[in-house]
Every structure is written in C-alpha cells, then in structure tokens.
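The exercises below are meant to be worked with the sequence and the model open side by side. Each task is followed by a solution that proceeds step by step.

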Amino acid sequence: MSALVVIGAQWGDEGKGKVVDLYSEYADIVVRCSGGANAGHTLVHEGTTLITHLIPSGVMHPGTVCVLGDAMVIDPWMLVDEIKNCQTHGLLASNDDLLISRRAHVVMPYHKTLEAFREKKASAIGTTLRGIGPAYEAKVARRGVRMGDLINKDRLRDLITQNMEEFTGTDHALDSVESMTQEAYAIGKQLEAYYTDTGLFIYESLQSNRRVLFEGAQGTMLDVDHGTYPYVTSSSTISGGACIGGGVGPTAIDAVIGIAKAYTTRVGHGPFPTRLDIAEEENMRALGNEFGATTGRPRECGWLDMVALRYAVRINGMTGLALTKLDVLGGLDDLKICTAYDIGDRRIQSPPDTLDDFSMAQPCYESFDGWTEDIQNVRSRADLPKNAQAYVKAIETMLDIPLTLLSVGPQRQESIEIFRPFGLQG
Ligand code: IMP
C-alpha cells in the first residue's frame, strides 16, 4: 500500500495538521492537493509551534518531500514568507524538500481586493479573505495566472492586463499593470527553483513504491459540489480532489482516512444543525480553543453530527476514521450524537440536497454519559474511561468503518494509534 488520502470529514478544522504530521513519519512524500492559504495547520512538537497555510503538514519531518499540487491556488508572497519561516526552524533546508506545480494557480492581489469588496455585501459567505474564490473563478474562466506564468514576463503582463480589464472600479484598476507584472515576476523567480512536474514526480514515486500521503484541505461539507453550497469553499475537498490535485488516477489510491473531531465546529456562514446554544457553545469553544488558525475567528461549536459524518464516509469512500480532540469532551455530564435530521414531518438519515431543507433540519439525538478523568496521558484504547470507550465504540459502529487513531491532546505523542497508515504493522 503506497497511496493514502487523508481528508477532513466535517466542516474543516478537524485537526488534519496533527494527523498528517503523525502519518508523515511513515510517508516519503506529502502532497497538498487543493485550496490555498485559507487552510491553517497548527503543528506542535517539542516546544516548537509552527503554523502553515500552504506548505503541507509533512514539513515537520525532515526528509519528507512536500508537494504543492496542481489544483492549489497559491499566494506566492505568502509562500515565500512561509518557506523562510520553516527555514528558520531548520526545515526545508534543501530545494528538493519542496516541489511546486507549474499548473497550480496564483492568487493575485486583485483577487483579494475583489473578495474583500464582495464580502461586505449581504450575500457574504464568511470567507477567509485569502482570495481563494476569485482565483478559482479566474481558473475556470480560463484567464488565471499559473505558477509557471510567473516566470514568463510577457505572458504574465498579457494575463494581468486581461484580468485588470475585469476589475475596473476597484482600487487595483489604478495600479499600473507594469508594476504588478514586475512584482509578480520577482516573486516567481524566488520560487522557480522549486518548480517541478509534480504529477509526473508523484506517478514515478508510486511506481517505485514510495509512500505518498495526499493531504486534503478544508472538509467534506465545504466541498464546492458536495458541501452546503453556496456556503462552501471553491475547490474539491473530498477524496476525489486528491486525484485532481495530485494528478493521479483513482485506481492509484489504496486507502482514504477521514478526520473528524469528537464534536463539530464550523466557521463562516451556512447551516449547522447540531450547533449548541450560546452558553454551551462558549464553554466548548473555550475547552477546545476553537478559534481559526487562519483568521482567528471564533468557531461555532456543536455536537457530533452523524448524518454529515456518514455522508462523508460514503462520498469519500472512507476506509478509516481518525477521531480528534476526544479530550475536550472530558468533564461534560452528558454527550450527544445526532443520528438523524427532522425536516417538517420527514426524518432523514442523509444530508438534504437543497439549502432550504438543510436550513430547516432539526437534529435527533442519542445521549451518552460523559467522563471526568483526564485522558491526555492515555495511550491505549482499553485504558480510556468506560464512558469514553462507549462513546468511541458507538461512533465506530454507526459509521461501520474502523477507527485508526484517537487524538487526546495537541502534542504529537498525545495520541492512541490503533492502526498504522499504509497498512504498516505496529
Ligand atoms: P474560502 O475558502 O476562504 O473561500 O471560504 C469559504 C468558506 O470555507 C468559509 O465559510 C470559510 O470559513 C470556510 N473555510 C475555508 N477554509 C477553511 C478551513 O481551513 N477551515 C474551516 N473553514 C474553512
């Protein structure tokens, strides 16, 4: 087994950074497939905390090659800063440690301007303001700037001119095309040494049995096609997106591990059936430190939503589940899992396919007894308090896939490994 996809099974912020960091120990290559600096991974190890937005979480493992794949939208200015920050921590010492696809698209300054302008309107999505939506729009409209274009000054100038014509009326229309071309070219030249045909590199690596981990960004319910549209991001966040963004065929993938918190959070606007009332939400937010790594926004918090999670198993073809932040639930008397939604007089087990229905969905709950013991130092499933064992067993049974990992704290070692990734034996 050499190709593993790891995706978020909820609305993002499931703790992918920690799980990918752990699994990277077993991987030769870690590929970020889609999205851009809207993601934020907080990586903690031996007193070092590193937040990355573009570089995959595999970066904490020297020797693991990090790849920025074809379907990403990259802010090259942020990327240069992130590379420098990693290098001050002794990471990414060699140019071969990071590979960037020439096919990936560039988030240009005018994308952020346009998004800021739109997000002030009533139709706002609650985005991260990182220019993601406008960059993907430009890509699909076939006028996007790709990473490869950054180092071809004439093409870059033509593309910027073409795009600026679309932005008459915004501040950037006043900027000179020439100065933007020079700045973008200069930043492209700083990244050129990392440019590679990443799809070919991944294909050849799989051919020679190197282990490749495809790291998803955001979460299943934020997928542009399968999420709570229009309150979604603009990319394919489900496991299929790993093929698009990695440049590999579906038959190359051996396993798909979904990551879910032991409860649910979301940021931005859109339906959230299991959201807690204000006092309970504040308590859970404080316990779980639920503030966005990218924007610092407080996250909305709710009970575990099995309707959404079962959907994630189906739509991603999940073969296993890593459950994170189990420790956060410690001390709560009574825990709930949503097993179905009621919409009017209909009871449904799968998420509605219209926003109207989703907005009306009322959760049906099953209750579980909580536990009071601190579980951060527990390293085996059998040593968890009885009620915690019952809670995770219920999740496993309801989803009908195995749990592969339980995370009981932010540190790398605060984890219960049940199965190793890539079919490796413990
Ligand atoms: P965008 O990706 O910045 O366009 O934002 C679209 C929606 O996706 C908003 O609701 C964001 O809050 C949400 N979103 C984007 N990235 C993340 C993430 O990494 N975690 C959680 N939510 C995200």
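**Exercise 1.** In which strand does Val 67 lie? Establish also whether Val 67 is buried or exposed, and which residues it touches beyond its neighbours in sequence.

*Solution.* The coordinates come from a predicted model, and every step below should be read with that in mind. Val 67 belongs to strand β5, which covers residues 65-74. Its relative accessible area is 0%, and because buried means under 20%, Val 67 counts as buried. Once residues up to four places away in sequence are set aside, Val 67 touches Ile 29, Val 30, Val 31, Arg 32, Pro 56, Leu 99, Thr 198, Phe 201 and Ile 202. As a final step, take the C-alpha atom of Gln 182, a residue 115 positions away along the chain: the separation from the C-alpha atom of Val 67 is 26 Å.

**Exercise 2.** Assess the overall form of the protein from its radius of gyration, its burial and its contacts.

*Solution.* Begin with the inventory, which comprises twelve helices and 19 strands. For 426 residues a compact globule would be expected to have a radius of gyration near 22 Å, and the protein, at 21 Å, agrees with that expectation. Along the principal axes, the C-alpha atoms fill a box of roughly 65 × 50 × 40 Å. Turning to burial, 57% of the 426 residues count as buried, while the accessible surface comes to about 17,300 Å², with 49% of it belonging to carbon and sulfur atoms. Among contacts with a separation of 6 or more, 74% are accounted for by residues 24 or more positions apart. Finally, the 39 positive and 55 negative charges have mean positions that are 3 Å apart.

**Exercise 3.** Describe the aromatic pairs, stating for the tilted ones how the rings are placed and where they sit in the chain.

*Solution.* A pair of aromatic rings is described by the distance of the centres and the angle of the planes. The count comes to four aromatic pairs. In one of them, the ring centres of Trp 11 and Phe 272 are 5.8 Å apart and the planes stand at 45°, so the pair is tilted. This pair links distant parts of the chain, 261 residues apart, since Trp 11 is in the loop between β1 (3-8) and α1 (16-24), and Phe 272 in the loop between β11 (264-266) and α9 (278-288). Both Trp 11 and Phe 272 are buried. Tyr 341 and Phe 358 likewise form a tilted pair, with 5.8 Å from centre to centre and 55° between the planes. Here Tyr 341 comes from strand β15 (residues 334-343) and Phe 358 from helix α11 (residues 355-360), 17 residues apart, and both of these residues are buried. Ring pairs also link Phe 368, Trp 371 and Tyr 391 into a cluster.

**Exercise 4.** Compare the burial of helices α1 and α4, and say what the buried residues of α4 pack against.

*Solution.* In α1, nine of its nine residues are buried, and they include the charged side chains of Lys 16, Lys 18 and Asp 21. In helix α4 (residues 132-140), the buried residues are Ile 132, Gly 133, Pro 134, Ala 135, Tyr 136 and Ala 138. These buried residues of α4 pack against β2 (29-35), β5, β7 (105-106), α3 (109-118) and α5 (153-164). Just after α4, Arg 142 takes a positive phi of about 60°.

**Exercise 5.** Find the backbone angles that depart from the usual pattern, and relate them to exposure where possible.

*Solution.* Most residues other than glycine have a negative phi, and most peptide bonds are trans. Against this background, a cis peptide bond, with omega about 5°, joins Tyr 229 and Pro 230, and Pro 230 lies in the loop between β9 (212-215) and α8 (240-246). Asn 209 has a positive phi of about 60° and is found in the loop between α7 (198-207) and β9. With a relative accessible area of 61%, Asn 209 is exposed. Lys 325 has a phi near 55° and lies in the loop between β14 (320-324) and β15, where a relative accessible area of 22% makes Lys 325 partly exposed.

Technical notes. Residues are numbered from 1 along each chain as its sequence is written. This is a predicted model: local features need pLDDT of at least 70, side-chain atom pairs count only at pLDDT 80 or more; totals for chains, interfaces and linings use all residues. Side-chain values use heavy atoms; hydrogens and water are left out. Helices (H or I, at least four residues) and strands (E, at least two) are DSSP runs, numbered from the N terminus. The radius of gyration is taken over C-alpha atoms; the globule rule is 2.2 Å times the number of residues to the power 0.38. Buried means under 20% relative accessible area, exposed over 50%, partly exposed in between (1.4 Å probe, protein chains only). Contact means heavy atoms within 4.5 Å. Accessible areas come from the Shrake-Rupley method with a 1.4 Å probe; for residues, only the protein chains shown count as cover. The place of a charge is taken as NZ of Lys, CZ of Arg, CG of Asp or CD of Glu. Rings of Phe, Tyr and Trp (its six-membered ring) pair if their centres lie within 6.5 Å; planes under 30 degrees apart count as stacked, over 60 as edge-to-face and the rest as tilted.
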